[in-house]
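Student: I am new to this structure. Can we go through it by question and answer?

Tutor: Gladly. Here it is.

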Amino acid sequence: MTAADTSPMEMVLITGMSGSGKSVALHALEDAGYYCVDNLPPELLDSFVALERQHGARKVGIAMDVRSAASLPIVPRQLHALRAQGVAITSIFLDASTETLVRRFSETRRLHPLSQVEKSDQHRALVEAIELERELLGELREQAHVLDSSMIRPSQLQASIKALISAPSSRLTLVFESFAFKRGVPMDADYVFDVRMLPNPHYLPELKPLTGKDAPVAAFLKASTEVDAMFNGIQGFLQHWLQALARDHRSYVTVAIGCTGGQHRSVYLVEALAQAFGAQWNTLRRHRELDATSA
């Protein structure tokens, strides 16, 4: 066995719903120096990894989708075996709401890989295909870190992918995400906290144009006993359960915090919680609404 055979390899597996952004994710991996292969049949995964290790590859990205539905059930077993061989694997599942996927397919006039084209009701056929795909990919979703691409731009998705792969894989990573309830709850959230009952800086003219990252807004919220109680409640919950989640071999836990507009209260709490947990855990911050305006 050569030195290349035993060298460490980082592998990122991208799976997910058709139309959820897998091509965008692969481009992000390529930008980060990964050698990427799209739509690799699961039957070829072991051979592909072995070949790339012989070539001395350090970083590979692989996308699989429902076109390999018949053989997808073997993937979890393959990943377990590869990890036992020392391959560091990050598994990412891209999801999106059915409404979003229907719109994307309609705009691009693409045919869903599971669509029954002979049906007269094309909308119904597309929705049925999407729901069937969710069922077929269910096990892979359960074992991956989920990213919801429903309401984010391609640039945001690329940034999220790059942040995930840069986080150390040896420890659990906490992802804190702010969002606006008026635009829907993120599908990738493991835990969701509603903070709309807290004092709202939106109604103070001097604070309205600012965000939860700005010092005046932070000072206003920090002075509130209600905000303090919410912070302590979320912090206490996570402190109680994070060790158990880590023992369960969770790589990522996404904590979504929502307010009305995703600008003040949720942003402040995401920043405060990320800072509080940063000393003990890997932490990432995402601000769905703020990032969308700056992208």
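Student: How do α3 and α4 run relative to each other: roughly parallel or roughly antiparallel?

Tutor: Keep in mind that this is a predicted model. Helix α3 spans residues 45-54 and helix α4 spans residues 75-84. They pack at an angle of about 25 degrees, with their axes 10 Å apart. Angles under 35 degrees count as roughly parallel, so α3 and α4 are roughly parallel to each other.

Student: Which residues of α4 does α3 meet?

Tutor: Start from the α3 side. Leu45, Asp46 and Val49 are the α3 residues in this contact. The residues of the contact divide into 4 nonpolar, 1 polar and 1 charged. On the α4 side, the residues met are Gln78, Leu79 and Leu82.

Student: What is the handedness of the crossing of α3 and α4?

Tutor: The two helices pack with their axes 10 Å apart. Their crossing is right-handed.

Student: Which strands does α4 lie across?

Tutor: Helix α4 runs at about 165 degrees to β1. One strand it lies across is β1, and the other is β4 (88-95).

Student: Which strands stand at the edges of the sheet that holds β1?

Tutor: This open sheet has 5 strands in the order β2-β3-β1-β4-β5, with parallel pairing. An edge strand has a single partner strand, so one side of it is left without a neighbour in the sheet. The strands placed this way are β2 (35-37) and β5 (145-148).

Student: What is the bridge partner of Glu10 in β3?

Tutor: Strand β1 covers residues 10-16 and strand β3 covers residues 59-63. They run parallel, joined by 5 bridges. In β3, the partner of Glu10 is Lys59.

Student: At what angle does helix α8 run to β5?

Tutor: Helix α8 is made of residues 154-166. It lies across β1, β4 and β5. Its angle to β5 is about 160 degrees.

Student: Which are the edge strands in the sheet of 4 strands?

Tutor: Read the order β7-β8-β6-β9 of this open sheet, where the pairing is parallel. Neighbouring strands here are turned by 20 degrees against each other on average, direction ignored. Each edge strand pairs on one side only, and these strands are β7 (191-194) and β9 (282-287).

Student: Which residue in β8 stands opposite Leu174?

Tutor: Strand β6 takes in residues 173-180, and strand β8 takes in residues 252-259. The two run parallel, and 8 bridges join them. Opposite Leu174 in β8 stands Val253.

Note on methods. Residues numbered from 1 in each chain as written. Predicted model: local features only at pLDDT ≥ 70, side-chain atom pairs only at ≥ 80, totals over all residues. Heavy atoms only, no water. Pairing = 2+ DSSP bridges. Axes fitted to C-alpha atoms, helices over the stretch in contact; angles between N-to-C directions. Parallel < 35°, antiparallel > 145°, perpendicular 65-115°, else oblique. Left-handed = near helix turned anticlockwise from the far one by under 90°. Contact = heavy atoms within 4.5 Å. Nonpolar A, V, L, I, M, F, W, Y, C, P; charged D, E, K, R; others polar.
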